[in-house]
Amino acid sequence: MSLCTREDIAKLDADDPLKGFRNQFELPPGLVYLDGNSLGCLPKSTPDRLATVIREEWGRDLIRSWNTADWINAPRRVGAKIARLIGAAADEVVTVDSTSINVFKALNACLQLSGDRKVLLSERGNFPTDVYMMQGLSMLSGGRIETRLVDGEDVVAALDEDTAALLLTHVHYKTGRMRDMAAITKHAHDKGVPVIWDLSHSAGAVPVNLNGANADFAVGCGYKYLNGGPGAPAFLFAATRHQEKVFPILSGWLGHAAPFEFDDAYRPAAGIDRFQCGTPGILGTAALEAGLDVMLQAEMPALRRKSSALGDLFLRLMDERCGEFGFTPACPEDAEERGSQVSFSHEHGYAIMQAIIARGVIGDFRAPDILRFGFAPLYNSYDDVWQAVETIRAVMVERAWDDPAFARRAAVT
Ligand SMILES: *Cc1c(COP(=O)(O)O)cnc(C)c1O
């Protein structure tokens, strides 16, 4: 069966059980947005929610809102909503700080659990911030702690009695390859190694079962598939069995057992609260909660089915419609092994991406040569995929990418 007409695509959209969600997002007319894995779209409910928080809670009730609007528990409350998407208990997740900072906290927690082991292990080509945070911690330790990077397929073999922590991204940001969380966690535990899973490209995008995998720690972003807005708070998961064993490295006052006793001595709070640090950003947390409230109306299996189908369709149309233009899939072709994105390498990847963005199809480019397209099954349609591939085809046929304006690199790609 070949799905080559736009009418066939229209039928897929008409039969889509999630189609009603698209209308809950602000989607600029004429734009095909396949970058929800970098910055999710704005839910229509978010501006009103923020207006209430700003005008009433902040503007009118002022400082009282820490109690009356329960601002103080927002990180716990919103964390509990994220917990439902990642197979965690409500009191194992908190929204706090950025993913980078939470990586640092989780690495340090693992070091405390790992006695005198001294190697922080990750894969080459992991998302840079994760590795940079490892390098910073090595520096802080005065050289006692080492950062070790191996090729992705060698990670399990590299686990040994010196390994203090394994840090992996569950769905790789470039290739979209999804790791077997349960199997890798088991291998690591067999060697006595706690694992940190970075769920930045997983939370809200693919089914995740942290407790089913016996995971130790996890972190992830609020502004990608969770639609929390630019710079939204990130989240941190710590398995219940570890929470009380860890003295938080970033021992800020809001992770204290009794912050309002203003004691000179730090005493960590019970449970997940000790992973909080300073005063949470209430506006950002409110926007993240609005995004989660939309997502939690959908069932994850339905999201997964649709995102797999969108990816399969993209790969297939690229093969059928753009096969002669030199694109090589850089993601697994089997949807089971893939997160909610596809990617392709092409020697003119940057310029091609700029040319299609100029025509209203937004994906992104990741050096050195990857074009990446993310699927947010709540608001992306099968027709988005059709339009994206037709736009790529037109840009290739017309050589529209071959324009100096599209070769100039912007600060953010
Ligand atoms: C996007 C992303 C981050 C981003 O970290 P920030 O601290 O929010 O800038 C971290 N890790 C991975 C794997 C990501 O994809």
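User: What makes the span of helix H10 close to the expected one?

Analyst: Helix H10 covers residues 282-295, 14 residues in total, and reaches 20 Å from its first C-alpha to its last. The expected span is 1.5 Å times one less than the number of residues. For H10 that expectation is 20 Å, so the helix is close to it. Helices here are DSSP runs of H or I with at least four residues; strands are E runs of at least two, and both are numbered from the N terminus. This is a predicted model: local features need pLDDT of at least 70, side-chain atom pairs count only at pLDDT 80 or more, and totals for chains, interfaces and linings use all residues. Residues are numbered from 1 along each chain as its sequence is written, and side-chain values use heavy atoms, with hydrogens and water left out.

User: Why is H10 called mostly covered?

Analyst: Of its 14 residues, 11 are buried. Buried means under 20% relative accessible area, exposed over 50%, partly exposed in between (1.4 Å probe, protein chains only). Among the buried ones are Ile282, Leu288, Glu289 and Met295. The buried residues pack against helices H2 (46-60), H3 (65-68) and H4 (74-86), and also against strands E1 (25-26), E3 (42-43) and E4 (93-95).

User: Why is Ala158 in helix H7 classed as buried or exposed?

Analyst: Buried. Its relative accessibility is 8%, and the limit is under 20%, so Ala158 counts as buried. Ala158 touches Leu121, Arg148, Val150 and Thr163, leaving out residues up to four places away in sequence. Contact means heavy atoms within 4.5 Å.

User: How do you know whether Glu123 is buried or exposed?

Analyst: The relative accessible area of Glu123 is 9%, which is under 20%, so Glu123 is buried. Glu123 sits in strand E5 (residues 119-123). Its contacts beyond four places in sequence include Leu149, Val150, His172 and Arg179.

User: What makes the pair of Lys224 and the ligand a polar contact?

Analyst: A polar contact is a pair of N or O atoms within 3.5 Å; within protein, one must be able to donate a hydrogen and the other to accept it, and residues adjacent in sequence count only if both atoms are side-chain atoms. An N or O atom in the Lys224 side chain is 2.7 Å from a ligand oxygen, so the pair qualifies. His201 also qualifies: a polar side-chain atom lies 2.9 Å from a ligand oxygen. For Asp130, the distance to a ligand nitrogen is 3.1 Å.

User: How much of the ligand does the protein bury?

Analyst: Taken alone, the ligand exposes 390 Å², and the protein buries 86% of that. These areas come from the Shrake-Rupley method with a 1.4 Å probe; for residues, only the protein chains shown count as cover.
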